[in-house]
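Q: I have a chain to go through and want the reasoning behind each label. Can you take the questions one at a time?

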Amino acid sequence: MMFRKVLTKTVCVQCYDQLSRMEDIEDEYETLEEEDEEDEEEETRSSFQLSEELKDLEEQLSRIQVHIPEVVHDFDWSSIETANLPETYKTNTAKEKLLLQVADNFHRQYAHLCPDREPLFLHPVNECGVEKFVSTTVRPTLLTYSEMYNWDGCARFVADYLTMEPLPSPIAPPSYLYSPTTILRYQRGNCFDFSVLLCSLLIGAGYDAYCVNGYATREMCMMDETKEECPLLQKSEEVAVETMKVKPKKYAIKPLRDLRSKFEMRLEAKREAIEQAAEEKRRKEEEERVMDLLFDLGDPLRWEFLLLGTDKPLLSLPEVEEEEELVDDEVEDLMKEEEHKGFDMPASWVKQIQITPKEFEMRCPKGKKLIQYKNAKLEKWAPYMNGNGLVSRLTLFEDPDYTKVLNVKEWYKNREDLLETRELNQRTDVTTEYFAPGHALGLKAHIYVTMIPETDRTMEFYSETRVDGLRKRVETPQDMEEYYEGRSDFLNYRHTVFGPRARRHSNALTTTDSNARPILKITERFDRNPRKPADEDVAERIFSIVEEKIFLTYHCKDNYITASKREFNKRSNVDSKGNKVIMSLDMCISYQVGATEKEKKLFHLYEMLMQLMEEERNSKHQVWESEVEVLDILKLREEEEAASKLTVSIYDTERNEKSKEHREAMERLLQEERQRQVEQDLDYLAPFLIQMGGVEKMTKWLALRLKEECLNDFKHRLVDKANLIQARFEKETQELQKKQQWYQQNQLNMTLEDEDAYLSYCSDAIFRIRILELRLSRHKEKAPQKYMALEEKLSKDPRLSEYLRLYI
């Protein structure tokens, strides 16, 4: 019993513990459920809030409307004038109509056999709305300009002369094709117009050119060259241009450390390499596709003829032998059958392409054009459009957005100073100028940072045009180097070291002996003179003005590795007591190559020293002349840049003022001669015949009366002219007398200016009086002769001679 009680009690306790645990679990479960419900409520709230935010975003985005811009052309082709075009532009001949029917038939067959291909471009309409066969739009023409004889000149002209317009649909050919003459007239067109014009010029120049219709990249169709490298840069890389050498400074500041991430730099370089490899692969694939094209026009599997003719190419199959050979008679029969089937291509309906010299010179539309390349911009102008002669400018940029300028290169034409190119490096501020042969001072190139004298600069010259044979001059604030060639004294190099001035002068442009920079040392080098022995031919000569020494180094003799040398110590000719100094051995230190050579005597060394001292003075004078020449060049360049004068050819009658004035004078003389001829051809009897009633009513008495009236009228005219000259003569004389009386009255109170004015008036008045007197005397002499000549002319006049025979 006790055991049962204990067991029951234990079981009851265990059950109670389990129940309590279950209650705790239920409580925890309830709390978890409540937490889950709260989380779900929060999620629903957050999702509701997100949905509301999305709705607000959608509403805001719906308010934004994007309008796709349409391609707006600056020029309306429907407004072009077609009234003055030739009749071939507006109508078709019978041959052209037949050709259009053949082309239309071919087009239908092609569309039936190849329905999945694009339609052919065979007979678009021209500017007059008339269908024309596409091949007849090409007009082969050879222009008279030498530049148009080569393919590259024709391509450059077409690219510069026309403005590119996009096609209406970038994936379909246009529905129209205008004539090359209309395209040239308005200087604009699409890629089809460019091709037809260029093909016309190339065929005229003798090239076997064709127009191809197909697909190309967007950049090529839109003439977008922003991803292409400028061709001028590719040419400039081939030509090595010598730039000014910048000497490293001893105490220069070190550049800043590169703090960029090397990992990012490697990633960027890797990305660029991948892009470059992909671009190279794409280009190779395109080249391979082009190379795979077979241009065997006789292959019927790849090419189809629109017009049958006897001159079509034949398919050449060298590997396959013909199974059957035709007899000569059969071949002739086939040729005769094909002759009547052949169809001759009609002549081009486009009139002759003509470009005037003025249009060819203007080149670009309105004389200006801008071409954008990869990180570069090329601007072109027509000659004489800019006052300074600028015709081209190439600007290089650091970024593709064209914001940071790296380099600017300009080309000039027709400048009076013969400047051809100028290049400015924006990083170093170095300007390089190149000149054509014929400059006033023989200047070929000028490299400088500033135009201030005695700064870093390099000048190159045309040595063949200079007397001294100077080829190059490099100047810095401390020294100057000069390079020569072709001199009779074999001098090829001179280096001058300058010292600081004792005092500064305000005007640095005026260099005189007193203001010249002090010379510390002059080094001269010479080429080998074959007329002298090597140990007497100086290779290098150094004048050390500060140390008062002269160093000579001779050329090496054959089979020797060292050269002879001499060192002279200069002394004054007199000492402190006034005694004359005699040459001594310590004044010359010599190193003579070869033990058998005899040393020169003191007298010869003294003569050599005197000659070297004289040459030192000449060298110093030449250095001073070089400095003066540099200043003259800088002054001349400043004047040339300020004036920027342009030269005009004597054959350019439009711009040459002298030629224009001469032409106008010749035209004026020719007009006067024509007017004089017309006046001579006038009928002098016409006024009198009208009064008499005409020649029909002429009698002897009327003829005599007509002659007398004509002579009396001419006599009155001669007298009136003499009276007019006499009146002008008297008027001038009276005015001169009045002026002389006024001068006598006011002579004492007159100033020098009044006297000069009076003297000039008297001189002019006397000149006019003499001219009038001369004219009056000549008129008196010529009047009787003119009167007799008129009388003789009237007597011989066929209208009066019949009636005046009895009175002669």
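Q: Where does K366 lie, and what makes K366 exposed?
A: This is a predicted model. In it, K366 sits in the loop between α10 (357-362) and β3 (368-373). Its relative accessible area is 79%. Exposed means over 50%, so K366 is called exposed.

Q: What is the phi of K366?
A: K366 has a positive phi of about 60 degrees, although it is not a glycine.

Q: Which loop holds Y384, and why is Y384 called partly exposed?
A: Y384 belongs to the loop between β4 (376-381) and β5 (390-397). Its relative accessibility is 22%. Buried needs under 20% and exposed needs over 50%. The value falls in between, so Y384 counts as partly exposed. Y384 also has a positive phi, about 70 degrees, and is not a glycine.

Q: How far apart are R655 and Y384 in sequence and in space?
A: They are 271 residues apart in sequence. In space they are 9.3 Å apart, C-alpha to C-alpha. R655 lies in the loop between α11 and α12 (657-681).

Q: Why is R655 called partly exposed?
A: The relative accessibility of R655 is 28%. That is between the cut-offs of 20% and 50%, so R655 is partly exposed.

Q: What makes E454 and R517 a salt bridge?
A: The closest N and O atoms of the pair are 3.8 Å apart. The cut-off is within 4 Å, so E454 and R517 form a salt bridge.

Q: What does the pair of E454 and R517 tie together?
A: E454 lies in the loop between β9 (443-448) and β10 (457-461). R517 lies in the loop between β13 (491-498) and β14 (519-526). The pair therefore ties together parts that are 63 residues apart in sequence.

Q: Is R517 buried or exposed, and how do you know?
A: The relative accessibility of R517 is 5%. Buried means under 20%, so R517 counts as buried.

Q: How do you know that E524 and R541 form a salt bridge, and where are they?
A: Their N to O distance is 2.5 Å. The limit is 4 Å, so the pair qualifies. E524 is in strand β14 and R541 in strand β15 (residues 538-544). The two are 17 residues apart, and the pair links distant parts of the chain. Both E524 and R541 are buried.

Q: What separates R617 and E614 in helix α11?
A: They are 3 residues apart in helix α11 (residues 602-643), so about one helical turn separates them. Their side chains meet in a salt bridge at 2.4 Å, N to O.

Q: Why are R617 and E614 both called partly exposed?
A: R617 has a relative accessible area of 48%. E614 is at 38%. Partly exposed runs between 20% and 50%, so both residues fit the label.

Q: How many salt bridges are found in the whole structure, and which residues are linked in a network?
A: The search finds 38 salt bridges. The network links E379, R393, E410, R415, D417, R422, E433, R637, E640 and E641.

Q: What makes the positive patch, and which helix gives the most to it?
A: R717, K721, R728, R775, R778, K782 and K786 gather there on the surface. Helices α14 (700-745) and α15 (752-796) each supply at least two residues of the patch. α15 gives the most, with 4 residues. K782 is found in α15. At 45% relative accessibility, K782 is under the 50% needed for exposed, so K782 counts as partly exposed.

Q: Which residues make the negative patch, and why is D292 called exposed?
A: E280, E285, E287, E288 and D292 gather in this surface patch. D292 is in helix α8. Its relative accessibility is 60%. That is over 50%, so D292 is exposed.

Q: What makes up the nonpolar surface patch?
A: Y210, V212, L293, F295, L297 and W303 form a patch of about 680 Å². L293 lies in the loop between α8 (262-292) and α9 (328-341).

Q: Which residues have the most contacts inside the largest nonpolar core?
A: They are M148, F157 and L201, in a core of 31 residues. Helices α3 (151-161), α4 (180-186) and α5 (191-204) each supply at least two core residues. The largest share, 8 residues, comes from α5.

Key:
Residues are numbered from 1 along each chain as its sequence is written. This is a predicted model: local features need pLDDT of at least 70, side-chain atom pairs count only at pLDDT 80 or more; totals for chains, interfaces and linings use all residues. Side-chain values use heavy atoms; hydrogens and water are left out. Patches are made of residues with over 30% relative accessible area and no salt bridge: like charges are joined within 9 Å, nonpolar side chains (Val, Leu, Ile, Met, Phe, Trp, Tyr) within 5 Å. Accessible areas come from the Shrake-Rupley method with a 1.4 Å probe; for residues, only the protein chains shown count as cover. Lys and Arg count as positive and Asp and Glu as negative; His and the chain ends are not counted. The place of a charge is taken as NZ of Lys, CZ of Arg, CG of Asp or CD of Glu. Buried means under 20% relative accessible area, exposed over 50%, partly exposed in between (1.4 Å probe, protein chains only). A nonpolar core is a set of buried Ala, Val, Leu, Ile, Met, Phe, Trp, Tyr and Cys residues joined through side-chain atoms within 4.5 Å.
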